[in-house]
Amino acid sequence: MKNKIQFSALVVLLLVALVSLESKAQLELGVKAGLNFNSASVDAAQAGQSYNDVADTRTGYHFGGYAHIKLGPLGIQPEVYYSVQGADITVDGAKGAINSNYVQVPILVRFNFLKMFNVHVGPQFGFVVSDDFDGVAEDLEGQTANSDFSIAAGVGVDLPFNLNVTARYVNGFTDVVEDAQASDIESMKNAMFQISVGYALIGR
């Protein structure tokens, strides 16, 4: 986990260093916060049978900061934010809940158009800060991964008064359950839809 954090930090620093060599590059720094509509892609096994779509949407929240390095219509937008995630799950009639808190580090390529709109996409590196398991999900305690790799994609709009709004979907590729044989959960990957409101402190 330590190596992954160091790698992510190095990537961000290298990107900032590279674009700082461009005389036309402009930097925007801001803060953001919003809601997560968390779910998961889950497969569960009980008595030799398979159960799909056992995770229900759970609402969480996030807050943090972002940088937008502007290079004409294109830009790079690294972010760091704290994210409350998880899902309500039901396996063979038994209910439970997974509560996972992450520090998320997306590194996005952003295309700006019509002066106020943008689309963005890029990898996101997540690091678990804390976990909590209730009900049937208690069988997963000690079995989940401490990091997550996702792809984030979304759209945004810049508003007056240095405000901006973003809608984004984040799809995880890491199987966050590490020991499939110790519980009825065979496979679980994070997924969430986010709505964020941001405020540019400098650079707008």
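## Order of elements

Going from the N terminus, the elements run α-β-β-β-β-β-β-β-β-β-β. That gives one helix and ten strands in the chain. Keep in mind that this is a predicted model.

As for burial, 44% of the chain's 204 residues are buried.

## Two buried polar side chains

Let's start with strand β5, which covers residues 74–91 and holds Gln77. Gln77 has a relative accessibility of just 6%, so it counts as buried, the cut-off being under 20%. Its side chain isn't without a polar partner, though: the side chain of Gln77 makes a polar contact with the side chain of Arg110, at 2.6 Å.

Strand β6 (residues 94–113) has a case of its own in Ser100. With 8% relative accessibility, Ser100 also falls under the 20% cut-off and therefore counts as buried. Here the polar contact is between the side chains of Ser100 and Asp131, at 2.7 Å.

## The negative patch

Asp131 turns up again on the surface, where it belongs to a negative patch. The other members of that patch are Asp132, Asp134, Glu138, Asp139 and Glu141. So Asp131 has two roles to keep track of: patch member and polar partner of the Ser100 side chain.

Asp134 is worth a look too. You'll find Asp134 in strand β7, which spans residues 117–135. Its relative accessible area is 36%, which lies between the 20% and 50% cut-offs, so Asp134 is partly exposed. Patch members need over 30% relative accessible area, and Asp134 has 36%.

## The nonpolar patch

There's a nonpolar patch on the surface as well, with about 840 Å² of accessible area taken together. Its members are Leu27, Leu29, Val31, Phe161, Leu163, Val197, Tyr199, Leu201 and Ile202. Two or more residues of the patch come from each of β1 (26–46) and β10 (185–202).

Which strand gives the most to this patch? That would be β10, with four residues. Ile202 is in strand β10 and is one of the patch members. At 45% relative accessibility, Ile202 sits between the 20% and 50% cut-offs and so counts as partly exposed.

Definitions and conventions
Residues are numbered from 1 along each chain as its sequence is written. This is a predicted model: local features need pLDDT of at least 70, side-chain atom pairs count only at pLDDT 80 or more; totals for chains, interfaces and linings use all residues. Side-chain values use heavy atoms; hydrogens and water are left out. Patches are made of residues with over 30% relative accessible area and no salt bridge: like charges are joined within 9 Å, nonpolar side chains (Val, Leu, Ile, Met, Phe, Trp, Tyr) within 5 Å. Accessible areas come from the Shrake-Rupley method with a 1.4 Å probe; for residues, only the protein chains shown count as cover. A salt bridge is a side-chain nitrogen of Lys or Arg within 4 Å of a carboxyl oxygen of Asp or Glu. Lys and Arg count as positive and Asp and Glu as negative; His and the chain ends are not counted. The place of a charge is taken as NZ of Lys, CZ of Arg, CG of Asp or CD of Glu. Buried means under 20% relative accessible area, exposed over 50%, partly exposed in between (1.4 Å probe, protein chains only). A polar contact is a pair of N or O atoms within 3.5 Å; within protein, one must be able to donate a hydrogen and the other to accept it, and residues adjacent in sequence count only if both atoms are side-chain atoms.
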